[in-house]
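Here is a short tour for anyone who likes to look at packing and backbone geometry before setting up a calculation. Have the viewer open and follow along.

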Amino acid sequence: MKRNDSYITSLTIGSKSIGSYQTTDFKKLLDIFLKLIGEHPVIDIWFIQEIRFVSQEQFTYINTILKQHNAQLRMHHFKDLTGFLIHSPHAKLKFNINEQEIYHTPHFEGRISILAITLITNENILLINNYLHSGDMDAQMTLLNAFTKYIANLKKNPNNHNIIYGGDFNHIMLLDDV
């Protein structure tokens with residue numbers, strides 16, 4: 001790769017909807033995360049949807065185990081339904097997580113998570129993960145309309161010119177609605 005080339009093309013992203021595994025038995029969630037990083041070692045960052053932790057302690061414990069596998073789970077709050085599973089033994093060679101960039105999205109009901117990273121080429125990227133309501137088209141459209149305005153404001157910042165948006169769209173009515 002030439003020095004001036006973008007590293008965006010070398011960043012590998014996956015997406016996984018976990019399902020309805022809200023339980024005090026965190027083993028199911030941990031097994032899913034470990035399976036993702038074990039079976040797909042080339043994926044740097046997973047967009048995860050439908051995560052259902054029951055406590056901060058459960059979230060913290062799972063992260064402790066994930067760190068032993070060069071992985072971590074990033075969420076704004078343990079009650080959120082979306083997050084990012086970051087796994088890359090060589091992540092520091094590709095990107096850094098911008099800890100100072102905190103995007104609070106409480107008005108999106110825990111259904112949108114944002115992770116800011118900087119590639120080694122100093123390109124800033126916002127990763128935006130969503131989980132839309134299932135079966136409630138009005139709720140989907142309300143969230144999408146609010147989010148469209150939110151993204152428009154994010155784009156006003158010159159550092160936010162690279163935005164990658166993904167997740168679980170749950171049967172969007174029309175492709176034009178996105």
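## Helix packing and two asparagines

Let us begin with a pair of helices: α1 and α2 cross with a right-handed sense. The model is a predicted one. The axes of α1, residues 27-39, and α2, residues 56-67, come within 11 Å and cross at roughly 30°. Angles under 35 degrees count as roughly parallel, and α1 and α2 are therefore roughly parallel to each other.

Which residues in α1 and α2 meet? From α1 come Leu29, Leu30, Phe33 and Leu34, and they meet Ile62, Ile65 and Leu66 in α2. Sorted by type, the residues of this contact of α1 with α2 are seven nonpolar, no polar and no charged. A helix rule is handy when viewing such a contact: an α-helix has 3.6 residues a turn, so residues three or four places apart point the same way.

Next comes helix α4, which takes in residues 137-155, 19 residues in total. From its first C-alpha to its last, α4 reaches 26 Å, close to the 27 Å expected at 1.5 Å a residue. The buried residues of α4 are Ala139, Gln140, Met141, Leu143, Leu144, Phe147, Tyr150, Ile151 and Leu154. What lies over them? The cover of these buried residues of α4 includes the strands β6 (112-119), β7 (124-131) and β8 (162-168).

Another spot to select is Phe47, which sits in strand β2, residues 45-49. Buried means under 20% relative accessible area. Phe47 has 3% relative accessibility and so counts as buried. Phe47 and Asp168 are 121 residues apart along the chain, and their C-alpha atoms are separated by 9.1 Å.

Finally, the backbone offers two residues to check in a phi/psi plot. Asn70 has a positive phi although it is not a glycine, and the same description, a positive phi without being a glycine, fits Asn122. The table gives their values and places.

| Residue | Phi | Place |
|---|---|---|
| Asn70 | about 55° | loop between α2 and β3 (71-74) |
| Asn122 | about 70° | loop between β6 and β7 |

Is Asn122 buried or exposed? Asn122 has a relative accessible area of 63%, and exposed means over 50%, so Asn122 is exposed. The loop that holds Asn122 joins β6 to β7, and both of these strands are among the elements that cover the buried residues of α4.

Key
Residues are numbered from 1 along each chain as its sequence is written. This is a predicted model: local features need pLDDT of at least 70, side-chain atom pairs count only at pLDDT 80 or more; totals for chains, interfaces and linings use all residues. Side-chain values use heavy atoms; hydrogens and water are left out. Helices (H or I, at least four residues) and strands (E, at least two) are DSSP runs, numbered from the N terminus. The expected span of a helix is 1.5 Å times one less than its number of residues. Buried means under 20% relative accessible area, exposed over 50%, partly exposed in between (1.4 Å probe, protein chains only). Contact means heavy atoms within 4.5 Å. Axes are lines fitted to C-alpha atoms, for helices over the stretch in contact, and angles run from 0 to 180 degrees between N-to-C directions. Angles under 35 degrees count as roughly parallel, over 145 as roughly antiparallel, 65 to 115 as roughly perpendicular and the rest as oblique. A crossing is left-handed if the near helix is turned anticlockwise from the far one by less than a right angle, and right-handed if clockwise. Ala, Val, Leu, Ile, Met, Phe, Trp, Tyr, Cys and Pro count as nonpolar, Asp, Glu, Lys and Arg as charged, and the others, Gly among them, as polar.
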